[in-house]
Amino acid sequence: NLASELLDLSRLDAGVELRREPVELGEMSRAVGAEFALRARDREVTIEVVPPTGPVWAAGDPGAVARMVRILIDNALRFSPVCDTIRVNAGYHGDRATLEVADHGPGVPPEERELIFERFQRGSRTGGEGGFGLGLAIARELARRMGGELELASRTEGRGARFVLTLPIEMPRGRDDEDAHGESGDAGDAPAEAPSMPELPGGD
């Protein structure tokens, strides 16, 4: 994990160009969530990907978006109590597409809400869970590179953390506004696997 995160950082620092194309967040969430099914079962945690009412289209690099979703689900899985449920929810809020990942773990103290997004910084409520303090920093940098944002939102009930990824809306060619906002049915089946981060030019 550390090698993968350091490689991600090197790509960001090298300014590797990210693609910009329509990405369907509901489909991406299901694909990435499926990757964690075995690990979640071993920890007796349920990953609930809430089906949106229709496609949720965002502008971004498919590999980078998948990486951000992996980071958020991995983070939630680390801190979720046994028999808990992690909720992943894609939708539209105003002129932005959003993806939320919420858990019922120990949460983040108010004074650490921004600290956890800095490189090599971890919150004080880790409970001994492993990690290098890089995942959330990578995810926020990727979001901002794509014209979006990643924030820790306030929870209205009980303990836990709710991370909200926002990205610009971008509909695929041939889809009208009504289609993109979910009035024409569901988002279809999840792909076999989610894409990976783009490679550095000339890399392995």
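A residue counts as exposed when its relative accessible area is over 50%. Cys83 has a relative accessible area of 61% and is therefore exposed. This residue belongs to a predicted model of a protein chain whose secondary structure comes to six helices and seven strands. The points below begin with the chain as a whole, then turn to its sheet, its helices and some individual residues.

**The chain as a whole**

- The protein chain has 204 residues, and 49% of them count as buried.
- Read from the N terminus, its elements follow the order α-β-α-α-β-β-α-β-β-α-β-β-α.
- Among contacts with a separation of 6 or more, 75% are made by residues 24 or more positions apart.
- The chain has an accessible surface of about 10100 Å², and carbon and sulfur atoms contribute 48% of that surface.

**The sheet**

- Five strands form an open sheet in the order β2-β4-β5-β7-β6, and their pairing is mixed.
- The edges of this sheet are β2 and β6; each has a single partner strand, so one side of each is left without a neighbour in the sheet.
- From one strand to the next, the twist averages 20 degrees.

**Strand pairs within the sheet**

- The edge strand β2 (residues 46-50) pairs with β4 in the parallel sense, over five bridges.
- Within the pairing of β2 and β4, Ile47 has Ile86 in β4 as its bridge partner.
- β4 (residues 85-93) and β5 run antiparallel and are joined by seven bridges.
- One of the bridge pairs between β4 and β5 is that of His93 with Arg96 in β5.
- β4 and β5 form a hairpin with two residues between the strands, where Gly94 takes a positive phi near 65 degrees.
- At the other edge, β6 (residues 149-153) and β7 (residues 162-168) are antiparallel, with five bridges between them.
- Leu150 is placed opposite Leu165 in β7.
- Although β6 stands at an edge of the sheet, four of its five residues are buried, so the strand is largely enclosed by the rest of the structure.

**Helices on the sheet**

- Helix α2 (residues 25-35) lies across β2, β4 and β5, and its direction runs at about 25 degrees to β5.
- Helix α5 also packs on the sheet, where it touches β6 and β7.
- The direction of α5 makes about 130 degrees with that of β6.

**The packing of α4 and α5**

- Two packed helices are described by the angle between their axes and by the distance between those axes.
- For α4 and α5 (residues 135-145), the angle is about 150 degrees and the axes are 9 Å apart.
- The crossing in which α4 passes α5 is left-handed.
- On the side of α4, the residues that meet α5 are Ala64, Arg67, Met68, Ile71, Leu72 and Asn75.
- Their counterparts in α5 are Gly135, Leu136, Ile138, Ala139, Leu142 and Ala143.
- Sorted by class, the contact of α4 with α5 consists of nine nonpolar, two polar and one charged residues.

**Loop residues with a positive phi**

- Most residues other than glycine have a negative phi.
- Glu44 is not a glycine, yet its phi is positive, at about 60 degrees.
- Glu44 is found in the loop between α3 (37-42) and β2.
- Cys83, likewise not a glycine, has a positive phi of about 70 degrees.
- The loop that holds Cys83 lies between α4 (62-79) and β4.

**Gly15 and Arg145**

- Gly15 is located in the loop between α1 (2-13) and β1 (21-24).
- With a relative accessible area of 48%, Gly15 is partly exposed.
- Gly15 and Arg145 are 130 residues apart along the chain, while their C-alpha atoms are separated by 9.5 Å.

Key
Residues are numbered from 1 along each chain as its sequence is written. This is a predicted model: local features need pLDDT of at least 70, side-chain atom pairs count only at pLDDT 80 or more; totals for chains, interfaces and linings use all residues. Side-chain values use heavy atoms; hydrogens and water are left out. Buried means under 20% relative accessible area, exposed over 50%, partly exposed in between (1.4 Å probe, protein chains only). Axes are lines fitted to C-alpha atoms, for helices over the stretch in contact, and angles run from 0 to 180 degrees between N-to-C directions. A crossing is left-handed if the near helix is turned anticlockwise from the far one by less than a right angle, and right-handed if clockwise. Contact means heavy atoms within 4.5 Å. Ala, Val, Leu, Ile, Met, Phe, Trp, Tyr, Cys and Pro count as nonpolar, Asp, Glu, Lys and Arg as charged, and the others, Gly among them, as polar. Two strands pair if DSSP finds at least two bridges between them. Accessible areas come from the Shrake-Rupley method with a 1.4 Å probe; for residues, only the protein chains shown count as cover.
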